[in-house]
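Here is a structure to explore by question and answer. Take a look at it before reading on.

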Amino acid sequence: MLTRVSECCGGRTRTYDLWVMSPTSYQLLHPAIWERKYIRSLVQSKLLSYFRNPIMKHKAGFVNIIGLPNVGKSTLMNQLVGERMSIISPKAQTTRHRILGMVNTDDYQIVFSDTPGYINQPAYKLQSTMNDFVANALEDADVIVFLTDKFQKEEEQKHLIELIQKSKVPTFVLLNKIDLYQKEEQESLVAEWEKKLDKCEVIPITASSGINAKKVIKKIVELLPESPPYYDKDQLTDRNTRFFVSEIVREKIFLNYTKEIPYSCEVIVETYKEDEKIDRIRCLIFVERESQKGIIIGNKGDALKQVGIEARKDIEAFIGKHVHLELFVKVKDKWRDNANTLKNFGYNQ
Ligand SMILES: Nc1nc2c(ncn2[C@@H]2O[C@H](COP(=O)(O)OP(=O)(O)OP(=O)(O)O)[C@@H](O)[C@H]2O)c(=O)[nH]1
Ligand SMILES: [Mg+2]
């Protein structure tokens, strides 16, 4: 008997096909074998466990990482996935998109979402769009991971705390950067968060070195629903190479320039040509004003050259191939507030 079982979760429907046989139909199929004591007991025990737990045991689900900017969300996702999926910088608001990273084993598939840091008072349409990614992440998760650290102000986390309190999705509070805490300080902060979000388990971690990362995975898997995988088991992310190339260039801009410059830049891969031994990539860096273009290029082009050298090295490591990288700078007036341009830049997912 083939049984189809469906259940709903966060707007998605999961369907399982189950083969369920009654003991009598099994006896009818194999009457001769049934007489043999050993095989009979084996079949009976298998069937018993099938009837006790008829749905397959594989687990899969969506785990969304949220928090204020700069708490270490991207560092955590990269650490858990074991790959450099998301770009990281010491500056706030580095991540601008929602990026999936998957952890696959024979028994489970965890689909992590790294999200932009929540911005309390968005000044640009770009930032409102980034906040929308966070709002969606609160709705379509099987498990939420709320990341915080001792440097975050109570007032700025208030809105996210309220959303978590209202949410029915199981949530972990991960207290990050414990490498920078005294033991007593860590203990008192854990106690404080256990009080503030009393339905959530609080786990202290160091995302950058992976302290307590295994514990986090174990706890998440316990909460995941039984489900077949959502993606191929050899898939690590939903994004293509062009996306990662543009993100790597953007990371180098975040690391090489100060003040408003990194925030005024967007990177687009204009052409990507794959030759046998080398990939030829041409990227456009958009800035908002002519004066910013001069700063990006630098004296005799030195600043842009440095970005190119650093980005090319990382892109080559990422794709495992030689790369010829060209960077061009263009002005796109007030792109951060232009809905159409934002859409063209991919801020509509
Ligand atoms: N000491 C220490 N630093 C960390 C740890 N985790 C992350 N960081 C640093 O914190 C800074 C921000 O890390 P990100 O992973 O970019 O933070 P984020 O939350 O993704 O930031 P946004 O993308 O801006 O929202 C970087 O300089 C990281 O190296 C940690 O466990 N310990
Ligand atoms: Mg980030």
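The turns below cover a sheet, its helices, one residue, a hairpin and a ligand in this predicted model.

Student: In what order do the 6 strands of the open sheet come?

Tutor: The sheet is open, and its pairing is mixed. Read across it, the order is β4-β5-β3-β6-β7-β8.

Student: Which are the edge strands?

Tutor: An edge strand pairs on one side only. The two that do so are β4 (99-104) and β8 (201-204).

Student: How many degrees does the twist average from one strand to the next?

Tutor: Take the twist between successive strands of this sheet. Its average is 25 degrees.

Student: How many bridges join strand β3 to strand β5, and which residue stands opposite Asn 64?

Tutor: Strand β3 covers residues 59-67, and strand β5 covers residues 108-114. They run parallel, joined by 7 bridges. Opposite Asn 64, in β5, stands Ser 113.

Student: Which strands does helix α8 lie across, and at about what angle does it run to β8?

Tutor: Helix α8 spans residues 213-223. It lies across β3, β4, β5, β6, β7 and β8. Helix α5 (residues 125-139) lies across β3, β5 and β6, at about 140 degrees to β3. For helix α8 against β8, the angle is about 155 degrees.

Student: Is Leu 174 buried or exposed?

Tutor: Leu 174 lies in strand β7. The cut-off for a buried residue is 20 or more other C-beta atoms within 10 Å. Leu 174 has 28 such neighbours, so it counts as buried.

Student: Which residues is Leu 174 in contact with, leaving aside neighbours within four places in sequence?

Tutor: Set aside those sequence neighbours. The contacts of Leu 174 are then Val 145, Leu 147, Ile 203, Ile 205 and Val 216.

Student: What separates the C-alpha atoms of Leu 174 and Thr 206?

Tutor: Along the chain, the two residues are 32 residues apart. In space, their C-alpha atoms are separated by 9.3 Å.

Student: What do β9 and β10 form, and what is the bridge partner of Val 267?

Tutor: The two strands pair in the antiparallel sense over 8 bridges. They form a hairpin with 3 residues between them. In β10, the partner of Val 267 is Ile 285.

Student: Which residues come nearest to ligand 1?

Tutor: There are 24 residues around ligand 1. By class, 8 are nonpolar, 13 polar and 3 charged. Helix α4 (residues 73-81) gives the largest share, 3 residues. Those that come nearest are Gly 72, Ser 74, Thr 75, Thr 95 and Gly 117.

Definitions and conventions: Residues numbered from 1 in each chain as written. Chains lettered and ligands numbered in written order. Predicted model: local features only at pLDDT ≥ 70, side-chain atom pairs only at ≥ 80, totals over all residues. Near = placed C-beta within 6 Å. Helix = DSSP H or I, 4+ residues; strand = E, 2+ residues; numbered from the N terminus. Nonpolar A, V, L, I, M, F, W, Y, C, P; charged D, E, K, R; others polar. Buried ≥ 20, exposed ≤ 12 C-beta atoms within 10 Å, placed from the backbone. Contact = placed C-beta atoms within 7 Å. Pairing = 2+ DSSP bridges. Axes fitted to C-alpha atoms, helices over the stretch in contact; angles between N-to-C directions.
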